[in-house]
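Biologist: I would like to go through the pockets of this protein and the ligand with you. Please show the structure, and then I will ask my questions.

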Amino acid sequence: MTDIAFLGLGEMGSALARAAVGAGFPCTIWNRSRDKAAPLENQAWIADSPAEAIAGADLVVMCLFDAASVLDVLEPVGPLLQGKALINVTTTSPDGARELSRWAQGHGARYLDGGIMAVPAMIGTPATSVLYSGSEAVFDEHRKLLESWGRAEYFGDDPGMASLYDLALLAGMYVMFAGFFHGAAMVGAAGVPAAEFAQRATPWLQAMATAFGDYATVIDSGEYGRPGQQSLEFSDLTDILDASRSQGVRTELIDAVQKMIHRQIDAGHGKDGFARVIESVRA
Ligand SMILES: NC(=O)c1ccc[n+]([C@@H]2O[C@H](COP(=O)([O-])OP(=O)(O)OC[C@H]3O[C@@H](n4cnc5c(N)ncnc54)[C@H](OP(=O)(O)O)[C@@H]3O)[C@@H](O)[C@H]2O)c1
């Protein structure tokens, strides 16, 4: 089986390394603070430096804090990467992933970027999905390792694509959470505990998420005037804004959505469907 060097044993790196040793891969592990390697000392070799970890490995897996920390660690050992595969699952920007890929290829390494759609406790369970792009050969050759972490999906040879997808999904997640916080603040001002609101919000938002497919059909066809849709005029958020203010709740979040709706109404599209809001997002 492939000899793997794991660089970075924070919360996520440790979960990935645990899954790899659990699947039987021989692993050498390194972390800047050595104590984080200790829990795996009976299942993996602990290296004293990145150079020592990389030396005997066919594949290097990086899970550090950010793109800058990846370069901090790799730059001094660039020549050792010649002929090896590098999988970087550190969260980076799309351009950061492309830059790392160019840098790795400049040292004769093949680069695969990964975006982890999970928290550490989910690694190795079917609930985990990891998005990859970059070297398809690395993706294919190391499929067994990737599947020890969760579902592995390949998004093409542009190394920035996995990161772009990852960040697009996180954009949806953060705005959804902010919407939940807004609603919880509204009813919270009337004495409703957030836990009680969560019991209503969870099934409501789950049910609403099933509309993504219909919105996507409209967006992809560009037929915003298609009959049967909720119109932009009907989607005016004035009542939500007024109720928020009277509850003493700040309205920045809802203001932003209202502004996007009204940009389209003001441009004469008020009878079109709500999905036209995407035209307010596009620059
Ligand atoms: N945790 C999650 O839920 C989650 C989910 C998806 C993706 N991710 C991504 O996974 C990556 C790791 O996250 P994590 O949760 O494992 O973070 P973490 O627990 O904070 O670990 C960060 C790791 O980076 C190392 N590091 C930071 N700066 C360094 C430097 N300049 N040189 C060498 N090592 C450095 C740390 O070493 P020390 O131990 O020495 O500080 C540690 O091993 C991040 O990019 C994160 O966005 C995490």
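Biologist: How many nonpolar, polar and charged residues does the lining of the largest pocket have?

Modeller: Keep in mind that this is a predicted model. The largest pocket is lined by 48 residues. By class, four of the lining residues are charged, eight are polar and 36 are nonpolar.

Biologist: Which helix gives the largest share of the lining of the largest pocket?

Modeller: Several helices supply at least two lining residues each, among them H8 (194-209), H9 (212-221) and H11 (252-269). Helix H7 (161-188) also belongs to that group. The largest share is 14 residues, and the helix they come from is H7.

Biologist: What is the volume of the largest pocket?

Modeller: The residues closest to the centre of this pocket are Val175, Met176, Leu205, Phe212 and Phe274. The volume of the largest pocket is about 2,300 Å³.

Biologist: Which pocket does the ligand take up?

Modeller: Consider a pocket with about 760 Å³ of space, the second largest. Of its 31 lining residues, those closest to the centre are Met12, Cys63, Leu64, Phe65 and Thr91. Met12 and Thr91 are also among the residues that come nearest to the ligand. The ligand takes up the space of the second largest pocket.

Biologist: Which strand supplies at least two residues of the lining of the second largest pocket?

Modeller: The lining has 16 nonpolar, ten polar and five charged residues. H1, H3 and H7 each supply at least two of the lining residues. The strand that does so too is E6 (110-117).

Biologist: Which helices each supply at least two residues of the shell around the ligand?

Modeller: The shell around the ligand counts 22 residues. By class, ten are nonpolar, eight are polar and four are charged. The helices that each supply at least two of them are H1 (11-22) and H3 (67-74).

Biologist: How far does a polar side-chain atom of serine 33 lie from an oxygen atom of the ligand?

Modeller: Two backbones also come into play: a polar backbone atom of leucine 9 is 3.5 Å from a ligand oxygen, and a backbone N or O atom of leucine 64 is 3.2 Å from one. For serine 33, the pair is a polar side-chain atom and an oxygen atom of the ligand, and the distance is 2.4 Å.

Technical notes:
Residues numbered from 1 in each chain as written. Predicted model: local features only at pLDDT ≥ 70, side-chain atom pairs only at ≥ 80, totals over all residues. Heavy atoms only, no water. Near = heavy atom within 4 Å. Polar contact = N/O pair within 3.5 Å; in protein donor to acceptor, adjacent residues only side chain to side chain. 1 Å grid on protein atoms, 1.4 Å probe; cavity = no way out; pocket = protein on both sides within 12 Å on 5 of 7 lines; lining within 4 Å. Sits in = over half its atoms within 2 Å of the grid points. Helix = DSSP H or I, 4+ residues; strand = E, 2+ residues; numbered from the N terminus. Nonpolar A, V, L, I, M, F, W, Y, C, P; charged D, E, K, R; others polar. Points joined across faces, edges and corners; volume = space filled by probe spheres on them.
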